[in-house]
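The following account leads the reader through selected features of one protein chain. It proceeds from open and enclosed spaces to individual side chains and the charged pairs between them.

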Amino acid sequence: MSSYDVVVAGGGHNGLVAAAYLAGAGRRVLVLERHDHVGGLAISARPFPGVDVRLSRYSYLVSLLPTAIARDLGLALELRRRRYASYTPKGDTGLLVDNEDAQATADSFGRVTGGEADHKAWQDFYGMTARVARLLAPTLLEPLPTASEVERLVGPEAWRDLFGRPIGQTVAERFRDDTVRGVVLTDALIGTFADTAADLTANRCFLYHVIGDGTGEWNVPVGGMGAVSAALETAARRAGAEIRTGAEIVGIAPSGEVTFTDADGEHTVRGGHVLVNLPPAVLDRALGRPATVPEGAQLKVNMALTRLPRLKDASVDPRAAFSGTFHINEGRDQLDAAYRQAAEGRIPGLPPAEVYCHSLTDPSILGPELRGRAETLTLFGLHMPARLFRKNPEKAREEALAATYASINTVLAEPIEDCLLRAPDGTPCAEAKTPVDLEREAGLPGGHIFHTDLSWPYAEEGGRWGVETEHERILLCGASARRGGGVSGIGGHNAAMAVLGR
């Protein structure tokens, strides 16, 4: 039986981060990945036959990846800032948040809300979250603070509004306009099925969307998400890690033995530590114990277009509106209505969603013949829990996609379907992925993109780094680790630090 200092179960981005740190520190490291490629959900793909477009198939933007990790590992990776934060249609106008023109943003608030109060509230609220981000982000790469330490760090106002009460209550108190309230609340619902007025799960999601790398900015990875994983794979291999793809893990023992199958049969290796970059339900099965399956709650739609659609608001350039986050029927009341419908087992009648155009910021994902002749759109739909797709996955996906098209068409001056690029065989260039699709294709139980509900970024029980399990040799290094979730590498970094005793 071959032995390693560390066996990393799962070659997603967190597993690669852990492998790069540990191999760089002189440990003998083996990474086992069941797919024929590494990267997990952080990959690029050409989903439309005959169309040279490399889309970020699952995850699509980068915020949580700390600069410190990129620097430590020497990542050859470019992240581009988006000038426009967001555009939210409202009737024949819309709210355009311009990162480089404060007056234009203020004027846009005035047109949409009819006054100055919500713009002032916006500045105050995001001034507070920016301060929290600067203070809290560095702690994500350190041993876990306690709740009381975080409370002292961020102060009583931020603790109350972001940690202590449901984010929906905070937003309702601070903002008057329903559209503005919805723009804020969407960050609490990405991949999270929750009632923002009653559920602190939404607060944890909100925190992870506003504190990334101390700025909260969501940046575009040049070359797509596959470039992120490629840079991490290069770093891990350069450090000396051994990576085996096509290796599916079938068993993990508390003593450190890992059993996997590949094209040559079944094998067992031993690790001084086993770092698990797998969802908790998959780990449970590998340990031979009952598994609890979580529930993902999103619809991802990838599209290639011949051109960007026209807006009802003729004063806004579609290139500005779609280069940031374009909000679709995400007012607070619309979000609440969609949540209630989905909780009752129905696909929302007007699905809330957000979309952005990667190719406007990074045209490198388009083949040479398509640059200047095509654009991409990445849509993320909210309140689409797995339960809606269990009974009849194909029919439900078609229904959800049709409802989502209808939803986006209510805020455009022309149908989105008229702008879709066609593949050589005449099929429209659009693919939809439900939680059930992610469960089947990516091995995510319940299609939960965070592996399980996000956790608070502080200690609630034992564990110095938030990666420990009940078995001394087995550590979490993926999204389910405390402070894990999103494309961050934080779980991988912290598991490596736990092994190294730092």
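Which residues lie nearest the centre of the second largest pocket, and how many residues line that pocket? The model in which this pocket appears is predicted. The lining comprises 21 residues, and those nearest the centre are Glu 461, Gly 466, Leu 476, Ser 480 and Arg 482. The pocket encloses a volume of about 330 Å³. Sorted by class, its lining is made up of eight nonpolar, seven polar and six charged residues.

From this open space the account turns to enclosed ones. Two cavities of 30 Å³ or more are counted in the model. The largest cavity holds about 50 Å³ of space. Its walls are formed by Leu 185, Leu 189, Ala 194, Asp 195, Thr 196, Leu 335, Asp 336, Tyr 339 and His 383. Five of these lining residues are nonpolar, two are polar and two are charged. Helix 13, which spans residues 332-343, supplies the largest share of the lining, namely three residues. The cavity is also shared between domains: domain 2 (83-114 + 298-384 + 390-433) and domain 3 (124-216) each contribute at least three residues to its lining.

One member of this lining, His 383, merits separate attention. His 383 belongs to strand 16, which covers residues 375-385. Its backbone has a positive phi of about 55°, although the residue is not a glycine. How is His 383 classed, buried or exposed? His 383 counts as buried because its relative accessibility is 1%, and the cut-off for that class is under 20%.

The second largest cavity contains about 30 Å³ of space. Arg 54, Leu 55, Ser 56, His 358, Ile 365 and Thr 378 line this cavity. By class, the lining consists of two nonpolar residues, three polar residues and one charged residue.

Two further histidines can be described in similar terms. His 451 also has a positive phi, here about 75°, without being a glycine. His 451 is located in the loop that runs between helix 16 (435-442) and strand 18 (474-476). With a relative accessibility of 13%, His 451 is classed as buried. His 119, by contrast in setting, is part of helix 4, residues 117-136. The relative accessible area of His 119 is 13%, so this residue is buried. When residues up to four places away in sequence are left aside, His 119 touches Thr 105, Ala 106 and Phe 109.

The charged side chains form the last topic. In total, 34 salt bridges are counted in the model. One of them joins Arg 83 to Glu 100, with the closest N and O atoms 4.0 Å apart. This pair links distant parts of the chain, its members being 17 residues apart. Arg 83 lies in the loop between strand 5 (79-80) and strand 6 (84-90), whereas Glu 100 lies in the loop between strand 7 (93-98) and helix 3 (102-113). Arg 83 is partly exposed, at a relative accessible area of 34%. Glu 100 is exposed, its relative accessibility being 53%.

A second salt bridge connects Glu 173 with Arg 165, and here the closest N and O atoms are 3.1 Å apart. What is the accessibility class of each partner, buried or exposed? Glu 173 has a relative accessibility of 53% and therefore counts as exposed. Arg 165 has a relative accessible area of 14% and is therefore buried.

A third salt bridge brings together the side chains of Glu 394 and Arg 397, at an N to O distance of 2.7 Å. Both residues lie in helix 15 (residues 393-409), where they are three residues apart, about one turn of the helix. Glu 394 is partly exposed, with a relative accessible area of 43%. Arg 397, at 15% relative accessibility, counts as buried. The pair also takes part in a network of salt bridges that links Arg 57, Glu 394, Arg 397, Glu 431, Lys 433, Asp 437, Arg 440 and Glu 441.

How values were computed
Residues numbered from 1 in each chain as written. Predicted model: local features only at pLDDT ≥ 70, side-chain atom pairs only at ≥ 80, totals over all residues. Heavy atoms only, no water. 1 Å grid on protein atoms, 1.4 Å probe; cavity = no way out; pocket = protein on both sides within 12 Å on 5 of 7 lines; lining within 4 Å. Points joined across faces, edges and corners; volume = space filled by probe spheres on them. Helix = DSSP H or I, 4+ residues; strand = E, 2+ residues; numbered from the N terminus. Nonpolar A, V, L, I, M, F, W, Y, C, P; charged D, E, K, R; others polar. Domains from an automatic or database assignment. Buried < 20%, exposed > 50% of the residue type's maximum accessible area, 1.4 Å probe, protein only. Contact = heavy atoms within 4.5 Å.
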